[in-house]
Structure formats: structure tokens, C-alpha cells
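Have a look at the model below and turn it around for a moment. Then we can walk through some of its parts together.

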Amino acid sequence: MSDPGTSFSAGLDREAGNPVLNLLASMCNAWMSALTALQVMAGQAGGAPGSGRSGPAMGDPVAALLSAMTRVSAAISDVMAQTTAASPSRASGSPAEQALAQGADLAPLMAQVAVVAAGSTLNYWRGLAEVYGRHQATMLDWWARRAMSQTPVTEAERRLMAEELRAFLREVGEVALREARILETKLDQIGEAVASATDQPDPSSPNQRHWTVKEKGANPTCTIPR
Amino acid sequence: MYDSAVNEGHSAVIAGLGFASEIDLLRGQIAKWVAESNEEMREALQWQFFGGSKYFRPLTIFSCYRAVHSEPIPPQVMNSAAVVELFHNVSLIIDDIVDKSESRRGRATLHARFGELAALMTSGYVVADGYLQLIGDQHAIELFSELLKRLGVAECMQWRLRRNPLGVEDWRRIAGEDTGSMFEICACLGDRSGRLRRFGALLGLLYHGCDDVADARGAVALGGGGEEDLRDGILTLPAALAIRDPAIARAFCATDPDLQDLPALAAAFAEKLPEAEAYLDQIEDEARTEARLFSANPEPLLALVAETRRLSAR
């Protein structure tokens, strides 16, 4: 696999100590990890029937990408922290300084959103590859035998194939729904963290938000007293 | 003898899942409700509700609550568990009338003992009073309404599709709307967020499949029903696997089956039991994955799945 980004990010890595360049290097590495992960998953999906594992020898591509995205998150935090520290209004305690400090609080959460979204996308593709890997042996075998055989398809064969296809289609849908629910849950949690980070620091504030477990439906425990 | 052995088994399951005191409270709540019911209905209600229940649906509610909350079971959830037991019994009463079943778990069914009119009126009384118990819990009212509608649709669909050469995917859809909807709603009543809805659906599917397999094996632990399904051409999991064979499918689809042919059909279904068990293992895995992905404390859910899976072996 060609890797045009490697030399670029390696060059950036040499600028250790510069948070902005570190951030760029991390983002570059994350992008390359994503490409690699997708290529590996594509290889797995088209690999040995049922095995689901025939791509280039390497560790879990999704784990590698998540690790890279975590480094991006850390780099963003560094940039924000250094920017805040370098701000001329730092000592003044002015509204501008407070806004900047709050921005620094939120930066890791925003980076976390990027990590979660990227991970979710890759998990979805991995799930699809697994479903395809589970069913492709039966389906390809059936089509190959039909192409080579002169005898008509029996009723039993047709039923079995229909069942296999229906199961495949159902599982494809289930993968999408499950990944969407996982993503929704994780984004909910980050959303709550964002709300907490921007909450009034004064506990006597009339609009103080009481944080427990967020729930939907008729029994919410997340309440905002009026 | 049979009743006491079965009840001991149920108590062991309840204790194993860690809800002995909650189920005692639930029994007390239902007993109080029966004692305060209309005098005209009381004897029938006592017969129906004190015959030895597994309380598997309330246990599902409690387990789902505990999977996402660390506090003790609150009164609102306890109330939902009592009402789900009431509504479950309504479905049993109707099923027994439709199936013309004279006995369930070694006891006369309600209509066999009190007559069809009394059984039908009792089921109506239970539904009406069940909703009264839910006053103040709008979310639960919506969920129970969804449940009753889906159960009605599922029964009609299952009856319309009988004696048809359908497949495992069709079984999955029917079972998902029948038993699946019941456990789906139980999960929602327990977690109160909807995150365990899919887990509940898979648990119901597993329960339904284990019931089918146990029936095909001739087991009586789940209340019987295998003969009725066979006679009526109901699509069970072993049936869906067996009728891939066109000859079996023709016998299964016969509109007026000869009773003498049924043992051969039962034997054909029994041959598919290993395949059915393997399919149930897959559903079990799916349910476990759901539990781990969507609950803070999956242990009660995993125990529930394991207990459900054991039902096919009884």
C-alpha cells in the first residue's frame, strides 16, 4: 500500500514542542490510519469465505485509528491550553479570558466527538464486512453451482437461498441500527459533559442543573428546577 | 406433586436472579388486588393468579432496571411489573380459549373451569383494572397500549399465516411481534429509557424459540402447546427449518391434516432440533452483545439470558 502521508507526518513529528504542528501531525496520522483501516476491512470482506480475516497482517485497524484519533484529541487540548496560557488577558480575569477558559474546557470534548464519530463509521464498515463474511460463502457457492450446473434449481435449494438472502439483508439493517444506537448513546454522554462544562459554577444559581443519569421517556431524572 | 416441584423450580430461578424479595412484594401486591376485586370475579381471579407463575416478565423488568440503575426497585417499576403479570395472564386466558386447551401446567384452564363467558369477561376485567393501576404513569400506559395492540396483531398474523411454507425469517418476524413484543415492553418498563428495547426483543425471541424447541422435544415445562401448534400448522422454529424439505412442507401445509400424519411431522421437526438449538445459540449471543453494549451493569441481563436459554432443555 502506498503511503504518501508517512513522510509528511514524519517531517511534522520532527517539530516536537510545537503544539500546532503536533496537532497537524496527529491529524495526518489519523487520516492515514483511517485509510489503512478501510483498506484492511475491504480485504477482509473479499477474503476467505467465513474467515473474515485475510487482509494484510496487522493489528486491529479500528483500534489503530482510535488510538490515532485519541492523539488528535490530546493535541487539540495542548493547543487550546497553550493558547489560553499565552492570552494577554489571562491575568485580567476579564470576560474574554473566561470565555477562552471555557473554550479550553470544551476542546477535549469536541475532539472526543471527532474520535467517536470516526470510530462509529469504521465500526459500521467492520460490521458490514463481518455480515458479508458470514453469508458470502453460502451465496457465492450457490451462484457458482447454479452457473455450472445444467439441472434446474430444486424447490429446497431455492428456499434455502431465499432464506440466506433474507437473513443477510436483515443483518445489514441491524448493523446500521446498532451502530446508530451506539453512536447516539456516546453522543448523549458527550452532550451531557458539554452541558456540565458550561454549567453555572455558582451552586446557588437558580438555574443550577442537577446531573444524574439522563433518561428518556416519562421518568426523567435530569431536571432543571424553575 | 407436579405443582410443588414446578413452584420450587420457579423459586430457585427467582432466587438465582436475585429478586426473591421483589417477587414476594409483587405476589403480595397481586394478592391484595385480587382480594379487593369485585366479588363476582374473585374466585376466577384467584384460580388464574395463584396457580404458580414463573414471573419471568416481572423478572425481566427488574433485571433491566438493575442493569441501568443502582437504586432499589421503585414503586412505579414495581407497579409496572404487577400490571405486566396481569396482562400476561390475559394473553394466557385468550390463548387457552383459542387453542381449546383444557389444562395448563397441570391445572384446568380458566375457561375449562369457569366457562368461556366467565373467562372472556375476566380477561376484560383484568385489562380495565390493569390500566387503572397505571394512573399517573403516562409512559407505562403508552407502553402497555403498544403491547396490547402488537399482541393482537401478532396473533392475527400468526393465524393468517398458518399452514404456509414460510421460513426462519418469517418465524423471526412472527415470534418478534408475539413474545418479542412482550419482552421488549418489559425492557422499556424496566430501563425507562428505551435503550434496552432491542435487548428485550432478542430475549423474547429467544424465549419463543426455546418454547418451540421444548414443545418439539415433548417437554411440558413451558406449559405445553406443542400438539396444538402441530395440529393448527403454526410456524415454530423447528417447523420453519424442517419445511425446507418440500415433502415435509406439503404435509405441514395440508388444510385438513390427518391426525395419523402428525406423529411423522413431529418426528421431522424433532430431527431439526440440533439446528434449532444452534440458531438459538446465535440469538443468545446477540442478546448478550446487546446487554454488554447498552447497560452499565449487564450482569442481571446476562443471567436472565442464561436462564431463558435453559428453557429449551426442559
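Let's begin with one residue, B:Ile61. Leaving out residues up to four places away in sequence, B:Ile61 touches B:Val77, B:Ser80, B:Ala81, B:Val84, B:Cys186, B:Leu189 and B:Gly190. Keep in mind that this is a predicted model.

B:Ile61 also turns up in a bigger picture: it is one of the residues with the most contacts inside the largest nonpolar core, which has 81 residues. B:Cys186 and B:Leu189 are on that list too, along with B:Phe199, B:Leu203, B:Leu206 and B:Ala240. Which helix gives the most to this core? That's helix H11 of chain B (residues 197-216), with 11 residues. Apart from this core lies another one, of five residues, including B:Ala44, B:Ile93, B:Leu110 and B:Ala119.

Now for a pair of helices. The axes of H4(B), residues 56-68, and H17(B), residues 299-310, come within 7 Å and cross at roughly 150°. An angle over 145 degrees counts as roughly antiparallel, and therefore H4(B) and H17(B) get that label. Here is who makes the contact:

| Helix | Residues in the contact |
|---|---|
| H4(B) | B:Leu59, B:Thr60, B:Ser63, B:Arg66, B:Ala67 |
| H17(B) | B:Pro300, B:Leu301, B:Leu304 |

Sorted by type, the residues of this contact are five nonpolar, two polar and one charged.

Next up is helix H8 of chain B, residues 138-160. How far apart should its ends be? At 1.5 Å a residue, its 23 residues should span 33 Å, and the end C-alpha atoms are indeed 33 Å apart. The buried residues of H8(B) are B:Ala140, B:Leu143, B:Phe144, B:Leu147, B:Leu151 and B:Ala154. See the spacing? An α-helix has 3.6 residues a turn, so residues three or four places apart point the same way. The buried residues of H8(B) pack against H5 (75-99), H9 (168-177) and H10 (179-191) of chain B.

One glycine is worth a stop as well. B:Gly233 sits in the loop between H12 (226-232) and H13 (237-242) of chain B. Is B:Gly233 buried or exposed? It is buried, because 20 other C-beta atoms lie within 10 Å, and 20 or more is what it takes. Setting aside neighbours within four places in sequence, B:Gly233 is in contact with B:Arg162, B:Arg163, B:Phe252 and B:Cys253. B:Gly233 and B:Arg160 are 73 residues apart in sequence, yet 11 Å apart in space, C-alpha to C-alpha.

Finally, the two chains meet. Chain A puts 16 residues into the contact and chain B 16 residues. On the chain A side, these divide into six nonpolar, three polar and seven charged.

Conventions. Residues are numbered from 1 along each chain as its sequence is written. Chains are lettered from A and ligands numbered from 1 in the order in which they are written. This is a predicted model: local features need pLDDT of at least 70, side-chain atom pairs count only at pLDDT 80 or more; totals for chains, interfaces and linings use all residues. Helices (H or I, at least four residues) and strands (E, at least two) are DSSP runs, numbered from the N terminus. The expected span of a helix is 1.5 Å times one less than its number of residues. A residue is buried if 20 or more other C-beta atoms lie within 10 Å of its own, exposed if 12 or fewer, and partly exposed in between; C-beta atoms are placed from the backbone. Two residues are in contact if their C-beta atoms, placed from the backbone, lie within 7 Å. Ala, Val, Leu, Ile, Met, Phe, Trp, Tyr, Cys and Pro count as nonpolar, Asp, Glu, Lys and Arg as charged, and the others, Gly among them, as polar. Axes are lines fitted to C-alpha atoms, for helices over the stretch in contact, and angles run from 0 to 180 degrees between N-to-C directions. Angles under 35 degrees count as roughly parallel, over 145 as roughly antiparallel, 65 to 115 as roughly perpendicular and the rest as oblique. A nonpolar core is a set of buried Ala, Val, Leu, Ile, Met, Phe, Trp, Tyr and Cys residues joined through C-beta atoms within 7 Å.
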